[in-house]
Amino acid sequence: MFKSNYTVMEMIFQNYPPGFEALITILLGVLIVALVILVAMMVWVYKDAQKRNMNAAVWLLIVFVAGPCGCVIYLMVREPERPLNPSYQQQPSFSQQPPPVTTSSNIYCPSCGRELSKDATFCTGCGSKIR
Ligand SMILES: [Zn+2]
């Protein structure tokens with residue numbers, strides 16, 4: 001019978017020297033790499049979910065619990081990037097913008113398109129002669 005977990009650990013280390021310690025080190029290394037990958041996935045999913053107006057905190061938790069599986073699930077169910085984003089709707093679209101106003105007092109340079117006063121003889125932008 002073992003008195004405590006410490007005794008168990010001692011027994012294991014005494015029974016499997018010295019390769020066992022190397023194995024533990026390798027396992028620990030793999031575990032750390034897996035943890036770094038998991039954190040990277042969590043950060044990516046969190047930011048991506050925010051971009052798509054999804055519940056980023058919930059997806060962060062799902063990836064944390066399910067790991068790569070959670071990441072795969074997220075990739076399958078995630079919403080398209082833009083339509084639900086409120087800031088996208090605030091952006092003016094081309095159809096809503098009034099066309100450039102062409103007043104009778106202004107003309108445009110035939111070479112560079114710069115707006116000039118009606119009586120200008122030379123373009124102030126490119127220097128080409130008007131009329
Ligand atoms: Zn010009």
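**Close-up views of a predicted model**

**View 1. The long run of helix H2.** Helix H2 takes in residues 19–51, which makes 33 residues, and its first and last C-alpha atoms lie 48 Å apart, close to the 48 Å expected at 1.5 Å a residue. Please keep in mind as you look that this is a predicted model. H2 is hardly covered along its length: 2 of its 33 residues count as buried.

**View 2. Asn53, just after H2.** Follow the chain past the end of H2 and you come to Asn53, which has a positive phi of about 60 degrees. What makes that value worth a look? Most residues other than glycine have a negative phi. Asn53 takes its positive value as a residue other than glycine. Its place is the loop between H2 and H3. Is Asn53 buried, exposed or partly exposed? Within 10 Å there are 16 other C-beta atoms, and a residue counts as buried only at 20 or more and as exposed at 12 or fewer, so Asn53 is partly exposed.

**View 3. Helices H3 and H4 meet.** Here the axes of H3 and H4 are 5 Å apart, and the two helices pack at an angle of about 140 degrees. Why are they called oblique rather than roughly antiparallel? An angle has to be over 145 degrees to count as roughly antiparallel, and therefore H3 and H4 are oblique to each other. On the H3 side, the contact is made by Trp59, Ile62, Val63, Val65 and Ala66. H4 brings Cys69, Gly70, Cys71, Ile73 and Tyr74 to the contact. Sorted by class, this contact of H3 with H4 has 9 nonpolar residues, 1 polar residue and no charged ones.

**View 4. Gly67, between H3 and H4.** Gly67 sits in the loop that links helix H3 (56–66) to helix H4 (68–77). Its surroundings hold 15 C-beta neighbours inside 10 Å, so Gly67 counts as partly exposed. Which distance separates Gly67 from Leu35 in space? From C-alpha to C-alpha they are 9.5 Å apart, although 32 residues apart in sequence.

**View 5. Stepping back to the whole protein.** The secondary structure comes to 5 helices and 2 strands. In sequence order, the pattern reads α-α-α-α-α-β-β. How many of the residues count as buried? The figure is 5% of the 131 residues of the protein. Among contacts with a separation of 6 or more, 18% come from residues 24 or more positions apart.

How values were computed
Residues are numbered from 1 along each chain as its sequence is written. This is a predicted model: local features need pLDDT of at least 70, side-chain atom pairs count only at pLDDT 80 or more; totals for chains, interfaces and linings use all residues. Helices (H or I, at least four residues) and strands (E, at least two) are DSSP runs, numbered from the N terminus. Two residues are in contact if their C-beta atoms, placed from the backbone, lie within 7 Å. The expected span of a helix is 1.5 Å times one less than its number of residues. Axes are lines fitted to C-alpha atoms, for helices over the stretch in contact, and angles run from 0 to 180 degrees between N-to-C directions. Angles under 35 degrees count as roughly parallel, over 145 as roughly antiparallel, 65 to 115 as roughly perpendicular and the rest as oblique. Ala, Val, Leu, Ile, Met, Phe, Trp, Tyr, Cys and Pro count as nonpolar, Asp, Glu, Lys and Arg as charged, and the others, Gly among them, as polar.
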